[in-house]
Amino acid sequence: MTPTSPQSHNVLWKTTLLALLFLSPAIFPPAHAVSPVNALLTGLNFPVSLGFAPDGRIFFTEKNTGNIRIIQTNGTLLPTPFATVNPIFNVEEAGLLGIALDPAFSSNNYAYVYYTYRDSGSFTHGHIVRYTASANTGTSPTDIFDVTSSAPNTVYHNGGYIKFGPDGKLFAMVGEFHQGQQAQNQSSMTGKMLRMNPDGSVPGDNPTAGSLDFASGIRNSFGFDFDSSNNRLIATMAGPSSDDKILIIVEGGNYGWPTCLAICNDPRFIEATVDFKQLVTPTGIAAVAQNSYIFGEYTTGNLVQLQLNATGSVLSMTQLYNAPGGIIAVELGPNNKLYFTTPDTIYTYDLPAKPAAADPSLVILAIIVVIAAALLVVYTAIRYRRIRLQTLQQASTETPR
């Protein structure tokens, strides 16, 4: 019998590699090079929150001017504001903060904003007002919600981020106005995440009857998002000089501030998913894929991707970009494009295309082909070695001529 030649081995290996190359898209999605970060608009006045209209317009708030602005579908900024909130209190962390467009914006044209103002006693108020969009102009301002600081002359920890949840309710982060104990005061709406009907009334299924409180023990937050893949609500929280946090918010949860600064192993409180020992000041956060989130840091200017597992444990954190200025808003916009802001610029970041789910039948076929090819190569190699040894043994016993 003729031994198998090295050329036969080459043919087998090439056949195996071709099979793998042909079927690998079913198992290994092709890599996608991330596009560079692009500046959409520059020279802005502290854009702090973004909202995306179904028709392609982008609404954003300017913290210090009180202006609500519109970016047209061609990427240009309308010179005339949609509306200007006045009077407004904009010292330090106060000002025109969050914006959220109604889920039914296409039909009702409702746009909600959260801002701060001062009353005659120098108490700071957090306030939500609703505008009705008439083309590119905000009309019919309607008061929806108001909260008052527990002490006068406060300028910090105003919260102010708002967003509609998948249940159609309006969620709002209210800081504790630099009065830490209020975050544990269940009779106060400060230091809380609130959940309300679009008209500001209390939903009948809130954790506490008659209360807007959805979660408590929150120092100050300016970013949260809903992960549609697992119904997770994820939020950022700024610490004092350490222990910034990423939180998974659950209904009725208490996150410990100011009793707990770091991880405190107290069963009354829910521990942070991420606890930063260094000062980073996490701000906006967006769910971009299943269990995957991108958030901004105001202190460092870093844009960071956080990957969790199904139970909420951290798998990895990866720096994606470092902005020339602190990052504020981070939002997932249309067409799988991420938007984020700094004090004077709105940027876009093209995310990798979401891979299509592999066809299970192709995956199974690929596995079968790989196993069969591997077994064939092993069998042929063993057979070749055995025949080669037999040939050598026969040759050694022959009498030389």
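Two strands count as paired if DSSP finds at least two bridges between them. Keep that in mind as you open this predicted model, and let us walk through it stop by stop.

**Stop 1: strands E6 and E7**

Select residues 96-101, which form strand E6. Six of the six residues here are buried, so expect a strand that is mostly covered, under the rule that buried means under 20% relative accessible area. Now add residues 110-118, strand E7. E6 and E7 run antiparallel and are joined by four bridges. For one such pair, click on Ile99: its bridge partner in E7 is Val113.

**Stop 2: the whole chain**

Zoom out and colour by secondary structure. The protein chain has three helices and 24 strands. It holds 401 residues, of which 49% count as buried. Among contacts with a separation of 6 or more, 52% link residues that are 24 or more positions apart.

**Stop 3: an open sheet**

Next, show strands E2, E3, E4 and E5. They make an open sheet in the order E2-E3-E4-E5, with antiparallel pairing. Its edge strands are E2 (47-52) and E5 (83-84), each of which pairs on one side only. Strands of a sheet pair through backbone hydrogen bonds, either parallel or antiparallel. Look closely at E4, residues 67-71: two bridges tie E4 to E5. Ile68 is the residue that stands opposite Ala83 in E5.

**Stop 4: strand E12 and its neighbours**

Move on to residues 192-196, strand E12. Is E12 enclosed or open? Five of its five residues are buried, so E12 is largely enclosed by the rest of the structure. In a regular strand the side chains alternate between the two faces of the sheet. Turn on the side chains to see how this looks here: Lys192, Leu194 and Met196 point one way from E12, while Met193 and Arg195 point the other way, and all are buried.

Then bring in the partners. E11 runs antiparallel to E12, and five bridges join them. Strand E13, residues 213-215, also pairs with E12 in the antiparallel sense, over two bridges. Met193 is a handy residue to click on: this residue of E12 is the bridge partner of Met173, and Met193 also stands opposite Ala215 in E13.

**Stop 5: Thr190 and Thr148**

Step back a little in sequence to Thr190, in the loop between strand E11 (170-174) and strand E12. Its relative accessibility is 2%, so Thr190 counts as buried. Its side chain makes a polar contact of 2.8 Å with the side chain of Ser188. Beyond its sequence neighbours up to four places away, Thr190 touches several residues, including Val147, Thr148, Val174, Phe177 and Gln182.

Follow that list to Thr148, which sits in strand E9 (residues 137-152). Because its relative accessible area is 35%, Thr148 is partly exposed. Which side chain does Thr148 meet in a polar contact of 3.3 Å? The partner is His125. Leaving out residues up to four places away in sequence, Thr148 also touches Phe123, Thr124, Phe177 and Thr190. For a distance to try in your viewer, pick the C-alpha atoms of Thr148 and Thr116: they are 9.6 Å apart in space and 32 residues apart in sequence.

**Stop 6: pockets and a cavity**

Rolling a probe the size of a water molecule over the atoms shows where empty space is left.

Start with the largest pocket, which holds about 910 Å³ of space. Of the 38 residues that line this pocket, Lys163, Phe164, Gly165, Asp225 and Phe226 lie nearest its centre. Elements giving two or more residues to this lining include E2 and E6 from earlier stops, along with strand E10 (162-164) and strand E14 (224-227). By class, the lining has 22 nonpolar, six polar and 10 charged residues.

The second largest pocket offers about 520 Å³. It is lined by 23 residues, and Glu93, Asn220, Phe222, Thr281 and Thr283 are the closest to its centre. Here the lining has 10 nonpolar, eight polar and five charged residues.

How many cavities of 30 Å³ or more are there? The count comes to one. The largest cavity has a volume of about 50 Å³. To find it, select its lining, which includes Lys245, Tyr255, Cys260, Cys264, Phe269 and Glu271. The residues of this lining divide into seven nonpolar, one polar and two charged.

Definitions and conventions. Residues are numbered from 1 along each chain as its sequence is written. This is a predicted model: local features need pLDDT of at least 70, side-chain atom pairs count only at pLDDT 80 or more; totals for chains, interfaces and linings use all residues. Side-chain values use heavy atoms; hydrogens and water are left out. Buried means under 20% relative accessible area, exposed over 50%, partly exposed in between (1.4 Å probe, protein chains only). A polar contact is a pair of N or O atoms within 3.5 Å; within protein, one must be able to donate a hydrogen and the other to accept it, and residues adjacent in sequence count only if both atoms are side-chain atoms. Contact means heavy atoms within 4.5 Å. On a 1 Å grid over the protein atoms alone, a cavity is a set of points where a 1.4 Å probe fits but cannot get out, and a pocket is an open set with protein on both sides within 12 Å along at least five of seven lines; lining residues have an atom within 4 Å of a point. Grid points are joined across faces, edges and corners, and a volume is the space filled by probe spheres set on the points. Ala, Val, Leu, Ile, Met, Phe, Trp, Tyr, Cys and Pro count as nonpolar, Asp, Glu, Lys and Arg as charged, and the others, Gly among them, as polar.
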